Amino acid sequence: MRLTQWTDYTLRVLMYCAATEGRLQPVTISEVAESYDISRSHLTKIVQELSAQGLLETTRGRGGGMRLMKPANDINIGAVVRATETDFNLVECFDPEHNQCRLSSHCYLKGLLGQAMRAFFAVLDKVTLADLLADPQSVVAMPTSRRLAAKPLVPGLPDKVA
């Protein structure tokens, strides 16, 4: 599964606003766009959506900008991803309306991928925006599984991130 650019940028905007919480002047779209080298017009649409969802407070005009509407501890990352992603159909058979797979009646892949998707969200549901700004070795860091540590996670790549 790969998150869309929209979700990626959404998380970046929220993290940027959380990291600057307590600052006198609000964060501007231009500031975030320049920091991440992202299109200003693309970010404007994302900020409007975050405002409509009640996550950002926006103020127009001179001295305006955006701030988190609720504390970073109250913004759940799983909920944000669910609200911004549009398609969780990892494979054709996840969508009964468009499923043309002839193996559906005796295939275990759908169940396995569904279990993986639930595990993905179970992890994200435990994380708040505040956790994303914490020490990388804190709550968000996952313990290394002995079973996974025996083999590289991706052949040819180291299994530990420096």
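**A tour from the second largest pocket to the helix contact**

The residues lining the second largest pocket divide into 4 nonpolar, 10 polar and 2 charged. The model on display is a predicted one.

**The pocket.** Begin by selecting I29, T58, T59, R60 and G65: of the 16 residues in the lining, these lie nearest the centre of the second largest pocket. The space to display there amounts to about 350 Å³. Next, colour the elements that give two or more residues to this lining, namely α2 (29-36), α3, β1 and β2. Which element gives the most to the lining? Select α3, which supplies 5 residues.

**The hairpin.** Move now to residues 56-59, strand β1, and residues 65-68, strand β2; the two pair in the antiparallel sense over 4 bridges. Select E57 and then R67, its bridge partner in β2. Proceed to T58, which was selected above among the residues nearest the pocket centre; in β2, M66 stands opposite T58. When following the side chains here, recall that in a regular strand they alternate between the two faces of the sheet. Between the strands of this hairpin lie 5 residues. Select G61 and display its backbone: G61 takes a positive phi near 90°.

**The helix contact.** Return to α3, residues 40-52, and add α1, residues 5-19. How do the axes of these two helices cross? They come within 10 Å and cross at roughly 70°. An angle of 65 to 115 degrees counts as roughly perpendicular, and α1 is therefore roughly perpendicular to α3. To display the contact, select Q5, W6, Y9, T10, V13 and L14 on the α1 side, and H42, L43, K45, I46, V47, E49 and L50 on the α3 side. Colouring this selection by class gives 8 nonpolar, 3 polar and 2 charged residues.

**Last view.** Finally, show the pocket and the helix contact together, keeping α3 highlighted: α3 gives the most to the pocket lining, and α3 also supplies residues such as H42 and L43 to the contact with α1.

Technical notes
Residues numbered from 1 in each chain as written. Predicted model: local features only at pLDDT ≥ 70, side-chain atom pairs only at ≥ 80, totals over all residues. Heavy atoms only, no water. Pairing = 2+ DSSP bridges. Axes fitted to C-alpha atoms, helices over the stretch in contact; angles between N-to-C directions. Parallel < 35°, antiparallel > 145°, perpendicular 65-115°, else oblique. Contact = heavy atoms within 4.5 Å. Nonpolar A, V, L, I, M, F, W, Y, C, P; charged D, E, K, R; others polar. 1 Å grid on protein atoms, 1.4 Å probe; cavity = no way out; pocket = protein on both sides within 12 Å on 5 of 7 lines; lining within 4 Å. Points joined across faces, edges and corners; volume = space filled by probe spheres on them.
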